[in-house]
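Hi there,

Here is the structure I promised to pass on. Have a look at it first, and then read my notes underneath.

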Amino acid sequence: MILRSVTLQDFGVYAGTTTLDLIPRRRDGSTVPVILIGGKNGVGKTTLLEAVRLALYGRRALGARVAQADYDAYLRDRVNRASGSEGAAVSLEFDYAEAGTIHRYKIRREWAVRARSVVETLDLLKDGEMISSVPREEWHSFLQELIPPGVSQLFFFDGEKISEIAEGGDDDEQLGAAIRSLLGIDLVGRLRVDLGLYIARHQADDDSAAAARLEAVNRDIQVSERRAATLGDEVAELVSQRDSQARAAEQVRRQFVAEGGDAAVQRDKIEAERGEVRRAIGHAEHELRDTANKLLPFAMAPRLTAAFREALVGAGAGYDAGATASLLEAIGEWRAEGLPTRQAKWGTAHWSDLEAFLHARTRAPGAAVDCPAIREVGDGTTAIARLDEVESVVRPRAADLLCEMDRLGERARALEAALGRADSASAGLLLDELQLTERRLGATEAMLAARQEEWKLVKGQLVTLEREQKRLLSEQAGSEKAQLRSALAARAGQALADYEERLLTHKLGQLKNEFVRCFNHLARKENLVADVEIDPASFTITLIDRTRNGMPKSSLSAGEKQIYAIAMLWALARTSGRPLPMIIDTPLARLDSEHRARLVERYFPRASHQVILLSTDTEIDEGLLAKLKPSISHSYRLDFDQVDGRTDVTQGYFGVDAHAAEGRRALQQA
C-alpha cells in the first residue's frame, strides 16, 4: 500500500484546500522512504494523522464505542472557523494491491453543519470509478476490512500510542488481539467455527445432542454479541447524555449562585456570621472610645504635642540633677588621680568644655517648678513618659482599630448584600430548576451504571459461551461418530486446530526474534534483552536478560520503555509481512539524544517502504536532520498564520529545503 496524497478542506487549522503529495521519490535507482513534515506545537501535525484515520474509518476513528452525538460534536468542532465555511472535508488517495493487481482508491468524506445537525457524505472510488460491487451502506465495513482499525493502530500511531504500550500494565489483551488480527490467526479461528456449524448440521442422529448444543451455543453467542454491541452503544449514548446534563446542571448552579441562591440555602449561616461581625465591630468601637477618653486626643495633634514635649525638656523636666552632680564629682577625681589611665592627651580646655556642658544640663533646684509648662502638669518627667506612650502605643493601636473596623464594615456590607440576594424571588425559581436538573442527572447516572453493569455481565457471558464453543468444537473434531459426509470436515477442523496452534507458536517465535533484534538495534545499552517470552494463551510478555533471568518492564528507564514500545510496533509490522506505510507523529519527545540518534539512523529509514514522519524542530533538529537527510524523499513545513487563523504548507523543513531543484511552491488554494 502506498499513500499517494491527503487533502484537507477547511479541516482543523487548515483553511481552504490543502493537498500534500506523499508519494516517495526515487533517487539513484531506489525509492527514498521518508516524507518529513515539520511544524511547531499546535500548527496541525496531528491533524494530518487525524485526517487519514477519519477518511478511512469515520466514527470508528474516535474509538470502538463513540456515540453519534459525540461524533457529530467532533465533526462540528473540526470545521475551520476562520474560513467562514459551514462544512469541511478530508480526502485520501492510495494504491492497494489485491490478488497481485494494484488498484487506486480515493476516499472523500465530507460533512456540513446545518443548525444542530451534521450531514455527512462518503464517496469511494476504485480506479477512478465509484464502487458499485459493494452497496453504499456497506462502504464503512468495506474500508474496515480493507485496512482493519486494529491493524492501522500499529502503522499509524503517535506519541500517545507509544506511551500507552510503554507505560500500560494491562496491554496483554490488546497485544493478543493485535497479534491475532495482524498475523491472520483470527481467520483460522473463524474458519473453525464455520466448519463446526457445517458438522453440526450434518451430524448423525446419535450425536444430535452435541450438535444441538453447539448450534445453541452459536446462537447464544450471536445473541450475546448483538446485545453487547447494543449495550455498548447505549452506554456511549448515556455517557454523552450524562456529560450534557452535567454541563447544564453546572450552568444552572452558577446562575443560582450568581442570583443569590447559594445565600438563600445558607441564610442561617450568613445571619450568624453577620452577628459575629457586628459584635466584633462593637468591641472595636468600645476600645476606641476608651482610648479616646485617655491619651488618644494627644495623637490627634502631633505637632502641638511635640512642641509641648520640647518645652518640658527645655525646662529641665526629665533630668536628674543629683545624678549629674555625682558625675561631675567622679570626673574631678578621674582628672586628679588619672585612673583609669587615659589614652588621649586632655588639656585644660577639654576639661573646661566637659564641665560646662554638664553644668548647662543641670538646673538649679526649683528652676523647673518656676516654668509655666511644668507648673501646669506637675511632674514633668511623668508627662514626658505619657507623651512617649502616645507615639509608641496609642497611635499604632488606634490605626489598627480603624483598619479592623473598615474590614469588618466591608464584610458586614457584603453579608447584608448576600442576605438581600437570598430574599430574591428568582433564587427560589432557580433552586427548583437546579433540583430538577440534578434529579435528571442522577437518573441518567443510575441508568448508566445499570447499563454498564449489564454490559459487563453480557461480556462475561460471552466469554463463557466462547469457552464452551471451543470445547464443543474440540470434542466434535475428534468424534469418531461423525458421518462420512462430515468426516472430512471433522478432520479439517482438527487440522485447523493444530494449524492454529502451530501457526501461533511459529508467529510468536518470529515475533520474539524480531522484537529482540529490533530492541537491541535501537537501545543504547548493548544486548540489554537476550530473549523474550510471550505466553500463547494470555500474551503476557516477559523480558529475559543476558543472565537468563526475568526482567520486569518496570525496571527499564523511561527512554528504554519508549524504545520497548517502538520495537514492539516495529516487530509486529515486520512479522505481519503486510506492506503498509508508517505514519509516526512526534515519537522523540521523551527520549535522550543518544536514543533519538539511534531511531533516526536505524529505525525511520527501515521502518517501512513509506514513512511519513511528523516532527517538531526540537525533536529532529539540525544535527539529526543531517543524519536523516539521505533517507528523506521530500519534506514540508507547517506554519500557523496568526492573522488569517490558518496553517500554511510549504516545501522544506524549517528553512532548509532538502530539494532545491524542485523549487518552492505553495500548497494552499483558497
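**What I found**

Let's start with one pair of residues: Asp95 stands opposite Arg104, which sits in β7. Before going further, keep in mind that this is a predicted model.

**The strands around β6**

Asp95 and Arg104 belong to a longer run of pairing, as twelve bridges join β6 to strand β7 (residues 101-114). The two strands run antiparallel. They also form a hairpin, with two residues between β6 and β7. Ala99 is in that turn, and its phi is positive, at about 55°.

β6 has another partner too: strand β1 (residues 2-11) pairs with β6 in the antiparallel sense, over seven bridges. To find this pairing on your screen, look for Leu8, whose bridge partner in β6 is Val90. If you are new to sheets, it helps to know that strands pair through backbone hydrogen bonds, either parallel or antiparallel.

Is β6 largely enclosed or not? Nine of its twelve residues are buried, so the rest of the structure largely encloses β6.

Now go to Gly84, in the loop between α2 (68-77) and β6 (87-98). Is Gly84 buried or exposed? Its relative accessibility is 61%, and the cut-off for exposed is over 50%, so Gly84 counts as exposed. Gly84 also shows how folding brings up distant parts of a sequence: Ala15 is 69 residues away along the chain, yet the two C-alpha atoms are 9.1 Å apart in space.

**The six-stranded sheet**

Next, find the open sheet made of six strands, in the order β10-β14-β15-β5-β16-β17, with mixed pairing. Which strands stand at its edges? They are β10 (156-158) and β17 (646-651); each has a single partner strand, so one side of each is left without a neighbour in the sheet. From one strand to the next, the twist averages 15°.

β14 is a good strand to zoom in on. It pairs with β10 in the parallel sense, over three bridges. It also pairs in the parallel sense with β15: strand β14 (residues 582-585) and strand β15 (residues 611-615) share four bridges. Here are some partners to look for:

- Asp158 has Asp585 of β14 as its bridge partner.
- Asp585 in turn has Leu614 of β15 as a bridge partner.
- Met582 stands opposite Val611 of β15.

In a regular strand the side chains alternate between the two faces of the sheet. You can see this in β14, where Met582 and Ile584 point one way while Ile583 and Asp585 point the other way. All four of these residues are buried.

A helix covers part of this sheet as well. Helix α1 (residues 45-57) lies across β5 (34-39), β10, β14, β15 and β16 (632-641), and runs at about 145° to β10.

**Two helices side by side**

Two packed helices are described by the angle between their axes and the distance between the axes. Try that on helix α20 (residues 558-576) and helix α21 (residues 593-603): their axes come within 11 Å and cross at roughly 15°. Angles under 35 degrees count as roughly parallel, and α20 and α21 are therefore roughly parallel to each other. The crossing of α20 past α21 is right-handed.

Which residues make the contact? From α20 there are Gly559, Glu560, Ile563, Ile566 and Trp570, and from α21 there are His595, Leu599, Arg602 and Tyr603. Sorted by class, the contact has five nonpolar, two polar and two charged residues.

**A smaller stop: three strands**

There is also an open sheet of three strands, in the order β11-β12-β13, and its pairing is antiparallel. β11 (531-534) and β13 (550-551) are the edge strands, each pairing on one side only. Strand β12 (residues 541-544) is joined to β13 by two bridges. One pair to look for there is Leu543 with its bridge partner Met551 in β13.

**The whole chain**

Finally, zoom out. The protein chain has 22 helices and 18 strands. Of its 670 residues, 42% are buried. Among contacts between residues at least 6 apart in sequence, 69% join residues at least 24 apart.

Have fun exploring it!

Terms used. Residues are numbered from 1 along each chain as its sequence is written. This is a predicted model: local features need pLDDT of at least 70, side-chain atom pairs count only at pLDDT 80 or more; totals for chains, interfaces and linings use all residues. Side-chain values use heavy atoms; hydrogens and water are left out. Two strands pair if DSSP finds at least two bridges between them. Axes are lines fitted to C-alpha atoms, for helices over the stretch in contact, and angles run from 0 to 180 degrees between N-to-C directions. Contact means heavy atoms within 4.5 Å. Angles under 35 degrees count as roughly parallel, over 145 as roughly antiparallel, 65 to 115 as roughly perpendicular and the rest as oblique. A crossing is left-handed if the near helix is turned anticlockwise from the far one by less than a right angle, and right-handed if clockwise. Ala, Val, Leu, Ile, Met, Phe, Trp, Tyr, Cys and Pro count as nonpolar, Asp, Glu, Lys and Arg as charged, and the others, Gly among them, as polar. Buried means under 20% relative accessible area, exposed over 50%, partly exposed in between (1.4 Å probe, protein chains only).
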